[in-house]
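Could you walk me through this model in my viewer? Please tell me what to select at each stop and what to look for there.

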Amino acid sequence: MQILSIPIDYKPRTNLLSGKTILVTGAGDGIGRSAALNYAKHGASVLLLGRTEKKLEAVYDEIENAGGPKPGIIAMDLATAPETLYVSLAASLGEEFSCLDGILHNAALLGDRRPIESARYTTWHDVMQVNVNAQFLLTQHFLPLLHQAPAASIILTSSTVGRVGKAYWGAYAVSKFATEGFMQVLASELENTSKIRVNSLNPRATNTAMRRAAYPGENPTGNPAPQKIMPAYLFLMGDDSAGITGKAFDAR
Ligand code: NDP
């Protein structure tokens with residue numbers, strides 16, 4: 001697999017996402033929170049999806065206090081939400097918005113770091129549900145709204161262990177391989193039939209709760225804060241990446 005980088009010294013213009021509506025999953029914390037704040041700062045109306053409402057409200061307040069476009073909050077547990085909820089969500093957003101310009105699929109569960117031999121099915125199931133199945137359900141039910149946009153972008157969040165398998169990364173690594181597969185299949189289906197582009201993005205080691213849980217012995221400040229990798233998230237979401245689809249990117 002060829003891994004691409006965004007142009008060196010890419011500087012997004014301030015109004016890059018002006019007038020766009022963008023859905024960010026896992027928007028309450030870590031990289032998703034940072035992406036939501038940056039998308040709003042660059043002009044987007046951001047739909048904040050996550051499971052902890054209080055965290056989403058805090059991001060909402062930050063966007064409002066910074067003078068950004070009014071965001072929306074979608075409190076939803078991707079591990080347990082039935083398909084009917086995705087259907088009704090897509091229907092109600094369709095009544096409010098004429099189109100959806102982008103989705104950042106970012107929410108994920110780390111699950112257990114243990115050998116496959118002793119992996120617990122319940123954890124395996126939850127990781128697959130959040131990291132893979134929710135991406136499919138959201139994408140499928142939101143495609144009609146994405147098709148209405150002049151040039152929509154779908155970003156799927158990958159990982160280094162989703163490109164080369166590594167012992168003890170279990171369901172998480174397998175889910176990220178599935179994410180790369182989903183990206184390739186969807187991009188190929190949409191390439192000549194729509195203006196929707198689909199790419200994967202590996203943030204690489206970033207100082208968040210997930211990274212600290214995966215590497216408890218590591219000095220957390222040795223990894224960049226989410227804000228540092230935002231140029232890649234902006235590049236792939238905005239029109240500067242028009243025409244790029246089916247590609248795997250590293251954020252740095
Ligand atoms: P965090 O754990 O900090 O944030 C994950 C976000 O996903 C949280 O907001 C969390 O909500 C949300 N989430 C988790 N489960 C659910 C659920 N069931 N329903 C709805 N939302 C949920 O992780 P990161 O910011 O580090 O990770 C973001 C993405 O980047 C993930 O896809 C991850 O796999 C990937 N990644 C991260 C790396 C890193 O070094 N940080 C490296 C490689 C990839 P809540 O706040 O309520 O828990």
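## A walk from the whole chain to two loops

Start with the whole protein chain selected and color it by burial: of its 252 residues, 52% count as buried. Keep in mind as you go that this is a predicted model.

Next, switch to a cartoon view. The protein chain shows seven helices and eight strands. Its radius of gyration is 17 Å, close to the 18 Å that the globule rule gives for 252 residues, so the chain is as compact as a globular protein of that length. If you align the view to the principal axes, the C-alpha trace spans about 50 × 40 × 40 Å.

Now display the contacts. Among those between residues at least 6 apart in sequence, 74% join residues at least 24 apart.

Turn on the surface next. The accessible surface of the protein chain comes to about 11800 Å², and 53% of that belongs to carbon and sulfur atoms. For the charges, select the 23 positive and 22 negative ones: their mean positions lie 8 Å apart.

Time to zoom in on some backbone angles. Select residues 153-157, strand S6, and 170-190, helix H5; the loop between them holds Tyr-168. Tyr-168 is not a glycine, yet its phi is positive, at about 75°.

For the last stop, move to the loop between strand S7 (197-202) and helix H6 (209-214), where you will find Arg-204. Arg-204 also has a positive phi without being a glycine, with a value near 65°. Is Arg-204 buried or partly exposed? With a relative accessible area of 37%, Arg-204 is partly exposed.

Key:
Residues are numbered from 1 along each chain as its sequence is written. This is a predicted model: local features need pLDDT of at least 70, side-chain atom pairs count only at pLDDT 80 or more; totals for chains, interfaces and linings use all residues. Side-chain values use heavy atoms; hydrogens and water are left out. Helices (H or I, at least four residues) and strands (E, at least two) are DSSP runs, numbered from the N terminus. The radius of gyration is taken over C-alpha atoms; the globule rule is 2.2 Å times the number of residues to the power 0.38. Buried means under 20% relative accessible area, exposed over 50%, partly exposed in between (1.4 Å probe, protein chains only). Contact means heavy atoms within 4.5 Å. Accessible areas come from the Shrake-Rupley method with a 1.4 Å probe; for residues, only the protein chains shown count as cover. Lys and Arg count as positive and Asp and Glu as negative; His and the chain ends are not counted. The place of a charge is taken as NZ of Lys, CZ of Arg, CG of Asp or CD of Glu.
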